[in-house]
Amino acid sequence: GPSNIVFLTQEDESFYEQKVKENQDTSMVVEDEKHEPPTRLFRIDVDTKKTIRLTSNIDQITYLCASPNGKWAVTRHNRSLLYDFDSKIKPVMMLYDLVKGTSRPIFTELNYNIAFVAWTNDNLGFYAVNNFNNNPRFSYPSVLHLHYYDLASQKSRQIELDWPNGLAEQDANEGKPDRKSTRLNSSHRT
């Protein structure tokens, strides 16, 4: 409802982390996948201040985009802490029905490398920007393709732009791209 906020955060300290702290162990193991706490979706009711965990995933959710009506969410689950460096185990995109408490993987084909999504105002679907390339392992270099995912059919289709260069991200010196800064690439190519 309108008094709810969906957010993502890491779980509380695990037994292992509590023991490390108790033993005053200040070492930090980098990319410790076995002991990395999962990042999950939660909902807080602003009126009652009650927080409910919505997911029980064992991986890290690194991206969340909720629908305007709060009934749906798209997330990216990193299944490996090493992916940014070795590109071996790709993240998974998930679609959550926050009313029914169900989820399903989306954009499962190897050529999908979804960068971000933006819901339509009518909550009937969302647009997704895909870092497209012909290499099933790596997500870069790529051309940004725009897709529309329809909730009713549970299918996506590429939006034809009649333009071979795809979309463009804003200049790297201007910060991270967002849905307002993505525009048609009008650069001259020779």
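## Overall picture

Helices and strands here are DSSP runs, with at least four residues for a helix and at least two for a strand. Counted that way, the protein chain has two helices and 13 strands. Keep in mind that this is a predicted model.

Of the 190 residues in the protein chain, 36% are buried. The accessible surface adds up to about 12500 Å², and carbon and sulfur atoms account for 51% of that. Looking at contacts between residues at least 6 apart in sequence, 40% link residues at least 24 apart.

## How far to trust it

Mean pLDDT for the protein chain is 83, with 88% of the residues at 70 or more. The stretch to watch is residues 175–190, where pLDDT is below 50. That stretch still has 28 contacts in the model beyond near neighbours in sequence. Where pLDDT is low, though, predicted coordinates should not be read in detail.

## Strand β10 and its partners

Strand β10 covers residues 143–150, and six of its eight residues are buried. On one pairing, β10 runs antiparallel to strand β9 (residues 125–132) over eight bridges. Within that pairing, V129 has L146 of β10 as its bridge partner.

β10 also pairs with strand β11 (residues 155–158), again in the antiparallel sense, over four bridges. Here Y148 is matched with R157 in β11. The two strands β10 and β11 make a hairpin with four residues between them. In that turn, Q154 takes a positive phi of about 55 degrees.

## K155, out on β11

K155 sits in strand β11. Is K155 buried or exposed? It counts as exposed, because its relative accessibility is 58% and the cut-off for exposed is over 50%.

Setting aside neighbours within four places in sequence, K155 is in contact with Y148, Y149 and D150. Those three residues fall within the range of β10, residues 143–150. K155 is also 8.7 Å from I106, C-alpha to C-alpha, with 49 residues separating the two in sequence.

## The nonpolar cores

The largest nonpolar core has 22 residues. V74, L95, I106, F107, V117 and F126 are the ones with the most contacts inside that core. Several strands chip in: β4 (60–66), β6 (92–97), β8 (114–119), β9 and β10 each supply at least two residues. A second, separate core has six residues, L41, I61, M94 and L98 among them.

What does F126 touch, leaving aside its neighbours within four places in sequence? The list takes in V74, L95, I106, F107 and V117, the very names that join F126 as the residues with the most contacts inside the largest core. F126 is also in contact with A118, W119, T120, H147, Y148 and Y149.

## T75, tucked into β5

T75 belongs to strand β5 (residues 72–78). With a relative accessible area of 0%, T75 is buried, since the cut-off for buried is under 20%. Its side chain makes a polar contact of 2.9 Å with the side chain of H77.

Not counting residues up to four places away in sequence, T75 touches L41, I61, Y63, L64, V92, M93, M94 and Y96. Three of those names, L41, I61 and M94, are also in the second core.

Terms used. Residues numbered from 1 in each chain as written. Predicted model: local features only at pLDDT ≥ 70, side-chain atom pairs only at ≥ 80, totals over all residues. Heavy atoms only, no water. Buried < 20%, exposed > 50% of the residue type's maximum accessible area, 1.4 Å probe, protein only. Contact = heavy atoms within 4.5 Å. Areas by Shrake-Rupley, 256 points an atom, 1.4 Å probe, with all protein chains shown as cover. pLDDT = per-residue confidence, 0-100. Pairing = 2+ DSSP bridges. Core = buried A, V, L, I, M, F, W, Y, C linked by side-chain atoms within 4.5 Å. Polar contact = N/O pair within 3.5 Å; in protein donor to acceptor, adjacent residues only side chain to side chain.
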